[in-house]
Amino acid sequence: MNIDESLRQALARKAPPAGFRGRVFQGMAAAQRRRPLSRWRAAAAVLLVGGALGGFAVHRIEQQRQGERARAQVMLAFQIASQKAHYAREEVRDISRSQSR
Amino acid sequence: MTASLTQAAVPERTALDRARDGDTDAFAQIVEEHEAMVFSIAYHFFGDRSMGEEIAQDVFLQLFRRLHDIESGAHLLFWLRKVATRRCIDEMRRKRPRGVSLDAAVEVGTTVPNADPLLDRQLRRLVAELPEAQRVVITLRYQEDLDPSEICDIVGMPVNTVKSHLHRGIAALRKKLGDAS
């Protein structure tokens, strides 16, 4: 048996059942009816979502800036406190020197 | 001497061009031209006519949505074979196959009646029982007369893997036919 030839015969193309093309077009029509958004509504949805995301992004940036400002204030307070502590040590040293004379 | 203007021949618009522009008659022409191929890939994969029709309908619906991605007639042929094959494999993995039915589907384009219709049915049943990779490769080889280098592009496997599946599939079929006789 020539299996190659037998397979070619057995696997030759077959016509689909009667009415196949009509059912394809029915499926296409059903898919068209199910399509949810027109182009304009899709564009409006994109703008709304984009606007919401953009607003959220601006809010996050503002939060970040506030955080940075607070951090800068804390650093300044540390610097001032550190300088005051330094002056206080200097004053104590001066007093103790003058008392030892 | 004045140059003569020759009117360039306007190439005839193909059914694909017209279908892209929304011509449903043109799309129907495309379906008519390729329905046997697409249906047969699925029918031979599952050995079941209703599965063949279900897959083929899905493939053409997908084509209708993706017409603008198709670049040419040759690309269309490649796309249909690829999508039909991948759809069969996905469906196979998604659910248990419905079982092999020996529906007699109408042969298309044959001028010589099959010499042994019983052998044909037996071979189709045996092919539908092969592991999916061997089944796909054998269907594309013998139904579509594609060589391994063409099959590997469709199924996304290296060419040596395709050859290996082909070889093993044929060996398995020979053994089963030998066991049956």
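Here's a quick briefing on how chains A and B meet, plus a look at one helix of chain B. Keep in mind that this is a predicted model. Between them, the two chains bury about 3100 Å², with 24 residues of chain A in contact with 44 residues of chain B.

**The interface overall**
- Carbon and sulfur atoms account for 66% of the area that chain A and chain B bury between them.
- On the chain A side, Leu11(A), Arg13(A) and Lys14(A) lose the most area to chain B, and together they make up 25% of what that side buries.

**Salt bridges and polar contacts**
- Five salt bridges turn up across the interface of chain A and chain B.
- Arg13(A) pairs with Glu144(B) in a salt bridge, where the closest N and O atoms sit 2.6 Å apart.
- Seven residue pairs are in polar contact between the two chains, counting pairs with both residues at pLDDT 80 or more.

**What chain A brings**
- Helix H1 (3–10) and helix H2 (20–34) of chain A each supply at least two residues to the side that touches chain B.
- H2(A) gives the most, with nine residues.
- By type, that side of chain A splits into 14 nonpolar, four polar and six charged residues.

**A helix in chain B**
- Helix H4 of chain B covers residues 73–94, 22 residues in all, and reaches 31 Å from first C-alpha to last, close to the expected 32 Å.
- Its buried residues include Trp79(B), Arg81(B), Cys88(B) and Glu91(B).
- The buried residues of H4(B) pack against helix H2 (24–46), helix H3 (49–65), helix H6 (132–143) and helix H7 (148–155) of chain B.

Notes
Residues are numbered from 1 along each chain as its sequence is written. Chains are lettered from A and ligands numbered from 1 in the order in which they are written. This is a predicted model: local features need pLDDT of at least 70, side-chain atom pairs count only at pLDDT 80 or more; totals for chains, interfaces and linings use all residues. Side-chain values use heavy atoms; hydrogens and water are left out. Contact means heavy atoms within 4.5 Å. Buried area is the accessible area (1.4 Å probe) that two parts lose on being put together, summed over both. A salt bridge is a side-chain nitrogen of Lys or Arg within 4 Å of a carboxyl oxygen of Asp or Glu. A polar contact is a pair of N or O atoms within 3.5 Å; within protein, one must be able to donate a hydrogen and the other to accept it, and residues adjacent in sequence count only if both atoms are side-chain atoms. Helices (H or I, at least four residues) and strands (E, at least two) are DSSP runs, numbered from the N terminus. Ala, Val, Leu, Ile, Met, Phe, Trp, Tyr, Cys and Pro count as nonpolar, Asp, Glu, Lys and Arg as charged, and the others, Gly among them, as polar. The expected span of a helix is 1.5 Å times one less than its number of residues. Buried means under 20% relative accessible area, exposed over 50%, partly exposed in between (1.4 Å probe, protein chains only).
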